[in-house]
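Colleague: I should be grateful for a close look at the surroundings of the ligand in this model, and for an account of the backbone features and the sheet that you would set beside them.

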Amino acid sequence: MKYLKRCIYGLALVFFSILNLQCKPEKKKEAVETETVVTKDVTIEKRSFGETPEKEKVAIYTLKNTNGIEINIMTYGGIITSLKTPNKKGISEDIVLGYNSLDEYIKSSPYFGAIIGRYGNRIAKGKFKIDGKTYTLATNDGENHLHGGLKGFDKVVWSASEETTDNSASLILSYLSKDMEEGYPGNIDVTVTYTLTNENTLEIAYQATTDKTTVVNLTQHSYFNLSGDFSKSILDQQVQINADTYIPVDQTLIPTGELATVEGTPFDFRTMKTIGKDIEVANDQLKKGLGFDHCWVLNNQNIGMRFAAKAYDPTSGRVLEVTTDEPGIQFYSGNFLDGTLPSKNGGTYAHRSGFCLETQHYPDSPNQKDFPTTILKPGKVYNSKTSFKFYVKKE
Ligand code: BGC
């Protein structure tokens, strides 16, 4: 509709410009200039955000649409440092956990807002085999490998470029991960494109190619607190996950290999319920995860982009809707947040003050023969898409 209006307006401009030209030829230059003015609904701006201890320059990009959504993303880790969306009164507030400075991210971060790779989630004992050859990765989570290792994609500086259309702005991040980086085989070329649209979606498109057979499983690790108030717990916020089964884990959060029904368990999020409703129920899996820290097996696999999950905060009215073409989603209820990390607003991030909805392939897939494969071969392209849609529900 807006587009149609703009076309009509544009045509009218051209028409009157021509008329104008014919009547007053001396005004020619002015008329043509007016005609070429393009108004973008979504803008993107770059500024410096400091440098790493290795003296690599870090930039931060602000993407803004005309409906009050404003997102800051930096080139270090491709981290979303802030994401402001309006509440039901139209007030825009930040709904993702993070820090104010680059130094704080470098010092210690539980992957706040970052791109995760080369492998999102855990790989048992940091080992896997490709074509009979064993690869050994860094173990950074007890005996296991987590989120790409000691220096994963969340801790590197990405190259950036921008692209805009009338209705969207994109930040295109790329990174070349070298052969044997963190123990993974193959040089992989990775591109992650963040696109903010004026339909209030943040789309994330991941792409990778390799020169040797390797494993890839990329995701985004934003911690949401839809209330816009980081001092509030997320337990009263509601979640729905489009999954009939989930993946039980062992004591170290590695999948047992089984896919279990959610029916009759605290893991049943097929209809909206508060995160807090069943989180303290006596349940062996909740005990192992210290809450929800599991991968759900999304329904309707192999149909491409489809509804994966939704979160809703009744107080602010904010809704977050997640769509993906990935087979799984890790729902993590911020169980390891313990009040020691400083928040953006002066306080600290308390236990369960943020939740993550990480679209991905299943944990430890390289060692689980029945899970969808995460192998990427030379000549093939890894493609994955996730979209976060933001809106408010007024009751
Ligand atoms: C994992 C948690 C982990 C957290 C790190 C999540 O993706 O599932 O187990 O502690 O990331 O912040």
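Modeller: The following account begins with the ligand shell, continues with unusual backbone geometry, and ends with a sheet.

The model is a predicted one, and what I describe is computed from it. Around the ligand stand Pro110, Tyr111, Leu253, Asp293, Gln330, Tyr332, Phe336, Cys356 and Glu358. Sorted by class, this shell comprises six nonpolar residues, one polar residue and two charged residues. Two strands, E24 (328–332) and E25 (356–360), each contribute at least two residues to the shell.

One member of the shell, Leu253, deserves separate attention for its backbone. Leu253 is not a glycine, yet its phi is positive, at about 70°. Most residues other than glycine have a negative phi, and most peptide bonds are trans. Leu253 belongs to the loop that connects strand E18 (243–247) with strand E19 (260–261). Its burial follows from a count: 21 C-beta neighbours lie inside 10 Å of Leu253, so the residue is classed as buried, the threshold being 20 or more.

Asp131 offers a counterpart. Its phi is likewise positive, near 50°, and Asp131 is a residue other than glycine. Asp131 is located in the loop between strand E8 (127–130) and strand E9 (133–136). Here, however, the count inside 10 Å is 7 C-beta neighbours, and Asp131 is therefore classed as exposed, since that class requires 12 or fewer.

A further backbone feature concerns a peptide bond. The bond leading from Gly117 to Arg118 is cis, and its omega is near 0°. Arg118 is found in the loop between strand E6 (114–116) and strand E7 (122–123).

Finally, I turn to the sheet. Five strands form an open sheet in the order E1-E2-E3-E4-E5, and their pairing is antiparallel. Strand E1 (43–51) and strand E5 (92–94) occupy the edges; each has a single partner strand, so one side of each has no neighbour in the sheet. On average, neighbouring strands of this sheet are turned by 20° against each other, with direction ignored. Strands of a sheet pair through backbone hydrogen bonds, either parallel or antiparallel. Between E1 and strand E2 (residues 57–64), which run antiparallel, there are seven bridges. As for an individual bridge, Glu45 has Thr62 in E2 as its partner.

Technical notes. Residues numbered from 1 in each chain as written. Predicted model: local features only at pLDDT ≥ 70, side-chain atom pairs only at ≥ 80, totals over all residues. Near = placed C-beta within 6 Å. Helix = DSSP H or I, 4+ residues; strand = E, 2+ residues; numbered from the N terminus. Nonpolar A, V, L, I, M, F, W, Y, C, P; charged D, E, K, R; others polar. Pairing = 2+ DSSP bridges. Axes fitted to C-alpha atoms, helices over the stretch in contact; angles between N-to-C directions.
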